[in-house]
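User: I'm new to this one and would like a walk through it. Could we take it a question at a time?

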Amino acid sequence: MILYNVTVSIDTNVAEDWLQWMKEVHIPEVMSTGYFLGNQICRVMGDEDTGGMTYAVQYTCRSVEDLQEYQREHSPELQQKVNERYAGQYASFRTMLEVVGVNVERPEEK
C-alpha cells in the first residue's frame with residue numbers, strides 16, 4: 001500500500017477556512033477520482049508560533065502506478081484550484097511513502 005502525504009503550512013488567518021474547504025470540497029474531489037482508498041488530516045503540533053498552521057493530508061492507494069496516474073491525470077487541475085483560492089497563503093510539499101507494516105495492537109493499560 002502507498003501513502004501519499006501532502007504537508008501544507010497555511011497562514012493562520014485563513015487556516016480555519018482552508019481546513020473546512022479541504023474537508024468539504026478538495027478532499028471529496030480527490031477521493032472522487034477513484035484512485036484512493038482512504039484519507040486523513042493530521043495537524044502538526046507545536047508550530048503555532050510560526051504564523052501558520054501545518055497539516056499533513058494523507059491518502060492511501062493500492063500502488064505506485066495508481067498514484068502516478070492520479071498525479072498525471074488529476075493532480076494539476078486540483079492543485080490549481082487550491083492555488084487560486086489560497087495563493088500566497090500556503091506552502092506545500094508532497095511525499096510518497098510505502099507502508100511496510102501496520103501495528104494495530106493496543107498497549108496494555110497502565
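User: Leaving aside neighbours within four places in sequence, which residues is Asn5 in contact with?

Analyst: Sure, and keep in mind that this is a predicted model. Asn5 is found in strand β1. Once neighbours within four places in sequence are left aside, the residues in contact with Asn5 are Ala56, Val57, Gln58, Phe93, Arg94, Thr95 and Leu97.

User: Does Asn5 count as buried or exposed?

Analyst: The cut-off for buried is under 20% relative accessible area. Asn5 has 7% relative accessibility, so Asn5 counts as buried.

User: Which side chain makes a polar contact with the side chain of Asn5?

Analyst: Look along strand β1, where Thr7 is found. Thr7 has 14% relative accessibility, so this residue counts as buried too. Not counting residues up to four places away, Thr7 touches Thr54, Tyr55, Ala56, Ala91, Ser92 and Phe93. At 2.8 Å, the side chain that makes the polar contact with Asn5 is that of Thr7.

User: Let's zoom out. What pattern does the protein follow along the sequence?

Analyst: There are three helices and four strands to place. Read along the sequence, they give β-α-β-β-α-α-β.

User: Among contacts between residues at least 6 apart in sequence, what share joins residues at least 24 apart?

Analyst: The protein has 110 residues, and 35% of them are buried. Its C-alpha atoms fill a box of roughly 45 × 40 × 20 Å along the principal axes. Of the contacts between residues at least 6 apart in sequence, the share joining residues at least 24 apart is 74%.

User: Which element gives the largest share of the largest nonpolar core?

Analyst: That core has 25 residues, and those with the most contacts inside it are Ile10, Trp18, Phe36, Tyr59 and Tyr70. β1, α1, β3, α2 and α3 each supply at least two residues. The largest share, eight residues, comes from α1.

User: Which residues does Tyr70 touch, not counting those up to four places away in sequence?

Analyst: Tyr70 is among the residues with the most contacts inside the largest nonpolar core. Skipping residues up to four places away in sequence, the ones Tyr70 touches are Tyr4, Val30, Thr33, Tyr35, Phe36, Ser75 and Leu78.

User: How many residues apart are Arg85 and Asp17?

Analyst: The structure holds two salt bridges. In one of them, the side chains of Arg85 and Asp17 meet at 3.2 Å, N to O. This pair links helix α3 to helix α1, and the two residues are apart in sequence by 68 residues.

User: And which side chain meets Lys81 in a salt bridge?

Analyst: Lys81 lies in helix α3, and the partner is in helix α1, 52 residues apart. With 31% relative accessibility, Lys81 counts as partly exposed, and the partner also counts as partly exposed, at 25%. The side chain that meets Lys81, at 3.3 Å N to O, belongs to Glu29.

User: How far apart in space are Ala87 and Val64?

Analyst: Ala87 sits in the loop between α3 and β4. Its relative accessible area is 47%, so Ala87 is partly exposed. Ala87 and Val64 are 23 residues apart in sequence, and their C-alpha atoms are apart in space by 29 Å.

User: Last one: which residues make the nonpolar surface patch of about 500 Å²?

Analyst: One member, Met1, has its place in the segment before β1. The full set making that patch is Met1, Leu37, Val99, Val102 and Val104.

How values were computed:
Residues numbered from 1 in each chain as written. Predicted model: local features only at pLDDT ≥ 70, side-chain atom pairs only at ≥ 80, totals over all residues. Heavy atoms only, no water. Core = buried A, V, L, I, M, F, W, Y, C linked by side-chain atoms within 4.5 Å. Buried < 20%, exposed > 50% of the residue type's maximum accessible area, 1.4 Å probe, protein only. Contact = heavy atoms within 4.5 Å. Patch = residues over 30% accessible without salt bridge, like charges linked within 9 Å, V, L, I, M, F, W, Y side chains within 5 Å. Areas by Shrake-Rupley, 256 points an atom, 1.4 Å probe, with all protein chains shown as cover. Salt bridge = Lys/Arg side-chain N within 4 Å of Asp/Glu carboxyl O. Polar contact = N/O pair within 3.5 Å; in protein donor to acceptor, adjacent residues only side chain to side chain.
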